[in-house]
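Q: I would like to learn how to read strand pairing, salt bridges and burial in a model. Could we go through them one at a time?

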Amino acid sequence: QVQLVESGGGSVQPGGSLRLSCAASGFTFRVFAIGWYRQAPGKQRELVAGISSIGNTNYADSVKGRFSISRDNAKNTVALQMNSLKPEDTAVYYCNYAPSSNGPRDDYWGQGTQVTVSS
């Protein structure tokens, strides 16, 4: 079955960096667009960044210029490089199918990885 496993979160000070990783299995990874989503306490889950099957990327306005999404089809992984982190980036981060691949899919949410930005 489809599995999406997030890792790489942690606690950092404002201005710091983290690199998240999403390991995918159970489907033909290379043909699907994948997105990174986040949910902050008391807020709805939102799409942060997406990458198409051929590597085209898109970003939420709030993270443009600071976050970078990439994929490795040989390893079935998607990474999210997060730089210049701000306290408002604090959230649980998840990967799932991107909207262009009819995502996110309710059944595919994983545990997520916690990112905390605080001084």
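A: Start with a single pair of residues: V78 in β8 is the bridge partner of C22. This is a predicted model, and the pair belongs to a set of 6 bridges that join β8 to strand β3 (residues 18-25). The two strands run antiparallel.

Q: What holds strands of a sheet together in general, and in which order do the strands of the open sheet lie here?
A: In general, strands of a sheet pair through backbone hydrogen bonds, and the pairing is either parallel or antiparallel. In this model 4 strands form an open sheet in the order β1-β3-β8-β7, with antiparallel pairing. Its edge strands are β1 (3-7) and β7, each of which pairs on one side only. Direction ignored, neighbouring strands of this sheet are turned by 15 degrees against each other on average.

Q: How many bridges join β1 and β3, and how many join β7 to β8?
A: β1 and β3 pair over 5 bridges in the antiparallel sense; one residue to look for is Q3, whose bridge partner in β3 is S25. At the other edge, 6 bridges join β7 to β8, and these strands also run antiparallel. There, D72 stands opposite T77 in β8.

Q: What should I look for in the turn between β7 and β8?
A: Count the residues between the strands, then check the backbone angles. β7 and β8 form a hairpin with 4 residues between them, and N76 in the turn has a positive phi of about 55 degrees. The hairpin of β4 and β5 can be read in the same manner: it has 6 residues between the strands, and G42 takes a positive phi near 75 degrees.

Q: Which strands does β4 pair with?
A: β4 pairs with β5 over 5 bridges, in the antiparallel sense. Within that pairing, W36 stands opposite A49 in β5. β4 also pairs with β9, again antiparallel, over 6 bridges, and here Y37 stands opposite Y94 in β9.

Q: Is β4 mostly covered or mostly exposed?
A: β4 is mostly covered, as 5 of its 6 residues are buried.

Q: How do I read a salt bridge, and how many does the structure hold?
A: The general idea is that side chains of opposite charge can pair when their charged atoms come close. The structure holds 4 salt bridges. One of them joins E46 and R38, with the closest N and O atoms 2.7 Å apart. R38 forms another with D89, where the closest N and O atoms are 2.9 Å apart.

Q: Where in the chain do R38 and D89 lie?
A: R38 lies in strand β4 (residues 34-39), while D89 is in the loop between β8 (77-82) and β9 (91-97), so the pair ties together parts that are 51 residues apart in sequence.

Q: Which residue meets R66 in a salt bridge?
A: The side chains of R66 and D89 meet in one, at 2.7 Å from N to O. This pair also links distant parts of the chain, 23 residues apart: R66 is in the loop between β6 (57-59) and β7 (67-72), and D89 is in the loop between β8 and β9. Taken together, R38, E46, R66 and D89 are linked in a network of salt bridges.

Q: Which members of the network are buried, and which is partly exposed?
A: Compare each relative accessible area with the cut-off: under 20% means buried, and over 50% means exposed. D89 is at 0% relative accessibility, so it counts as buried. R38, at 5%, counts as buried, and R66 at 11% does too. E46 is partly exposed, with a relative accessible area of 35%.

Q: Is S52 buried or exposed, and what is S52 in contact with?
A: The place of S52 is in the loop between β5 (46-51) and β6. S52 has a relative accessible area of 18%, so it is buried. For contacts, set aside the neighbours within four places in sequence; S52 is then in contact with A33 and R71.

Key
Residues are numbered from 1 along each chain as its sequence is written. This is a predicted model: local features need pLDDT of at least 70, side-chain atom pairs count only at pLDDT 80 or more; totals for chains, interfaces and linings use all residues. Side-chain values use heavy atoms; hydrogens and water are left out. Buried means under 20% relative accessible area, exposed over 50%, partly exposed in between (1.4 Å probe, protein chains only). Two strands pair if DSSP finds at least two bridges between them. Axes are lines fitted to C-alpha atoms, for helices over the stretch in contact, and angles run from 0 to 180 degrees between N-to-C directions. Contact means heavy atoms within 4.5 Å.
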